[in-house]
Amino acid sequence: MPSVVQSLATFLFKYPSRVFARGDLTWAPVLPVALIALALAAALVLVVMRAAALKNVRRRDRVVLAVLRALVFIIVAMALCRPSLALTAAVPQRNVLAIMLDNSRSMNIRDADSSTRLAAVTRTFADSTALIRRLSDRFTLRFFSFSGDAAPIHGAVLDGTGTRTDLAAAIGAVRDNLADLPVAGIVMATDGADNATTDIDAAVAALRTSGIPLYTVGVGSAQFRRDLSLDRLDVPATTLKGSGTLVTATIGVRGMNHDSTTVVVEADGHIVDREPLPLAGKGEVVNVPLRLPPLDVGNHVLLVSVLPVRGELIPDNNQRRALLRVRPGFERVLYLEGEPRFEFSFLRRAFADDSAVRLVGLLRSAKGKFLRINVQDSLDLLGGFPTRRSELFRYRALILGDVEATFFTGDQLRMIADFVDRRGGALIALGGRSALGDGGYAGTALADVLPVTLEKSGRASHDTAAVPLKVTPTAEGLLHPALQLAGTAAGSAARWDSLPVVTTVNALGDVRPGATVLLENRADHRPVLITQRYGRGIATVFGVQDSWLWKMDPRAPLDDRSYENFWHQLVRWNLDQVPERVDVTAEPARAVPGDAIVLHAHVVDSEYVDVDNAAVTATVTSPSGKETDLPLDWTLREDGSYAGRFVADEPGTWRYQVIAIAGGDTSRASASAALADATGADMDHAELRQGLLERLASVTQGKYYGIDDLSHLPDDVQLTHSGITAHESRDLWDMPIVLLVLLILLGIDWAWRRWRGLA
């Protein structure tokens, strides 16, 4: 139906709508404008006089007839002014037209009229087709195949072996190749499955600046009928030795109503987890939590696979690889308690045998006196809680127990806030009669750091009644790595349900925007465990005063470790969020061989102040063992930020170690790694991305077409402002719609007179 409407509109208005969109309205009168205006005025006066001279005719009839005849004269006068469309068109055979053909592996998908996308493109752009012959009559054609880059080819010769799709790099390569030639436009046939990290908007902006239009041709299905796809893999960049790891796989589901499959996780080639996945009744996206056991220190390659289902369209997009770095520890956590209580004793015992976390205890035994546990030497914490930032910032996490705000000086409270904000440390605030709002923290420098608001309490703390809590995870908590008490999601939920009641004496305020509630009271949904990012660090409030009751549950088996598991996982998860003095990330962390990987380093001094004058160098080791020194240059993105890039030209694990030297201070980052892997890379998001292709064409003043609707492409490309062009004018006065309107007006005039008895 749309094509019929378009054909009718083209017949009536002489030209298709795209011609009107490209042209400017001009006038070329056959007579002087003044003479045409004078003749029109005379005709209108005559019409009015004739209408007024009609006697015994109603006023309405005279008005209708006068208007109809006046419109006829106006249309004739406009035709005499000879309206035209001024267009800019390419001079035949004086311009180059680039034709870019996608040669990536996603083009082998068989969803283009029962054939592959590659076959559809080859069939459409072959030398013998009518489309290519029409284009060849007007332009010099240059063919390019592209995937990660673009290269000239002779005709539509494709093999579909490219391991990625990088539209930005391909467009840039074509522009560079044709830099000295007059280019009328670029035609790009692709599924739009861009899975590179290059900025496509910058490449298209360069095209627009050059005035070169991009005509995109989409091929493939916008939504697969029956397919599973591993769309995303959330893996922590690093974890501590001895920690289990929670990996979340985001799986796209299409057309799977009565099927089931299994998600398999391998670490360095060994299966470490299998999760059954029933697909009946699932939505289009399913999040599957996967639990990895503790792994050895070092870098581990994870392979997550969704086993294919019978009849699945693309099994190639069912796998993803990722890297997980396990760091050794010790990592020091300072635990401050204001008075002896069971929570302190049980928590100490829970971490006594931990080989990666050293829980340093500081217990106030009397005014000005402290019991120090696990300190480094006899002078460590000798005066109690640290008074200097450099001393506090040596710890990666701080646990505040039942201690009132007046225990600290104002500078110490600000120092704790800086510990989270500037140092990027982790703060865990526990409940207690002298903690949180009951401890007078409302209005202090620490109050804004916490993920809940605090209210000043006017109660006597010793009179506060303990409120029982039946703690249960929220929807977010069920998927959180800190709250996994069993090897499966069902087992973890059941264990939380069986834990005994604990108590709180603290009334927590409103949860801050951006904070996440992980545990709540089942009866009234009172938040119990809340966490939020604050500056570079993370702050957590656990409002329970006696979680040790979980350890003393008489119904639990003697070997039950729910209490230990909870605290180990909570502390270790917080430690995983803490940056080092030289904090390095690779972008992307998983690349296709041949891609550039950018190392971003953030450097701070011993008090975690940004350093801009450091000499920062990365030693990059290839999978084959070749070492290269890569200087990282200071960037203007933010203070203390440095960056450098290298090309991952070998598949496998690329390791890097970064050293920063500022003055006499030398800092090293932990050894990290990035992965160069082409497995399934080009099958990521391989459905036709029509919206992206339409946007690219629109920005460059081009147009989007379906692969089966290219009949107007040669005419559209001809009307270009790029390359060698000439101006042309197309008359509008002889459009069929003009004659049709005149006939309609005259017909209405005659019909009206007949109806009113005037003829």
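A cavity is a set of points, on a 1 Å grid over the protein atoms alone, where a 1.4 Å probe fits but cannot get out, and lining residues have an atom within 4 Å of a point. Keep that in mind for the inner stops of this tour.

**Before you start**

This is a predicted model, where local features need pLDDT of at least 70, side-chain atom pairs count only at pLDDT 80 or more, and totals for chains, interfaces and linings use all residues. Residues are numbered from 1 along each chain as its sequence is written, and side-chain values use heavy atoms, with hydrogens and water left out.

**Stop 1: the whole chain**

Zoom out. The C-alpha atoms fill a box of roughly 115 × 70 × 60 Å along the principal axes. Colour by secondary structure. You should find 17 helices and 37 strands (DSSP runs numbered from the N terminus: H or I of at least four residues, E of at least two). Of the 759 residues, 50% count as buried (buried is under 20% relative accessible area, exposed over 50%, partly exposed in between; 1.4 Å probe, protein chains only). Take the contacts between residues at least 6 apart in sequence: 74% of them join residues at least 24 apart (contact means heavy atoms within 4.5 Å).

**Stop 2: links across the sequence**

Select T88. It sits in strand β2, residues 83-90. T88 counts as buried because its relative accessibility is 12%. Now show its contacts beyond four places in sequence: Q718, L719, T720, H721, T725, A726 and H727.

Next, select L746 in helix α17, residues 736-755. Draw a line from its C-alpha to that of R69. The two are 677 residues apart in sequence, yet 7.8 Å apart in space. L746 has a relative accessible area of 49%, so it is partly exposed.

Then go to G702, in the loop between α15 (690-699) and β36 (704-706). Leave out its neighbours within four places in sequence, and G702 touches P213, L214, Y215 and A697. Add L135 to the view. Its C-alpha lies 16 Å from that of G702, with the two positions 567 residues apart in sequence.

**Stop 3: helix α9**

Select residues 342-350. On this helix, the buried residues are E343, F344, F346, L347 and A350. What do they pack against? Show the strands β16 (331-337), β17 (357-366), β18 (369-373), β19 (397-400) and β20 (426-430), together with helix α14 (562-576). Keep α14 on screen, as it returns at the next stop.

**Stop 4: the second largest pocket**

A pocket is an open set of points with protein on both sides within 12 Å along at least five of seven lines. The second largest one has a volume of about 980 Å³ (the space filled by probe spheres set on points joined across faces, edges and corners). Centre the view on G244, L246, H480, P481 and W573; of the 39 lining residues, these lie nearest the pocket centre. Which element gives the most to this lining? It is α14, with seven residues. Among the others that supply at least two residues each are β9 (238-240), β10 (245-254) and β13 (285-292). The lining has 12 nonpolar, 18 polar and nine charged residues (Ala, Val, Leu, Ile, Met, Phe, Trp, Tyr, Cys and Pro are nonpolar; Asp, Glu, Lys and Arg charged; the others, Gly among them, polar).

**Stop 5: the cavities**

Two cavities of 30 Å³ or more are present. Start with the largest, at about 70 Å³. Select L400, G401, V403, A429, L430, A435, L436, Y441, L446 and L450 to see its lining. Nine of these residues are nonpolar, one is polar and none is charged.

Move to the second largest cavity, with about 40 Å³ of space. Select L469, T504, N506, L508, R526, P527, V528 and G543. Here the lining splits into four nonpolar, three polar and one charged.

**Stop 6: backbone exceptions**

Most residues other than glycine have a negative phi, and most peptide bonds are trans. Select E587 and P588: the peptide bond joining them is cis, with omega about -5 degrees. P588 falls in the loop between β27 (582-587) and β28 (590-591).

Two other places are worth a click. Q93 has a positive phi of about 60 degrees, in the loop between β2 and β3 (96-102). Y608 also has a positive phi, near 60 degrees, in the loop between β29 (596-603) and β30 (615-621). Is Y608 buried or exposed? It is buried, because its relative accessible area is 7%. Q93 is partly exposed, at 42% relative accessibility.
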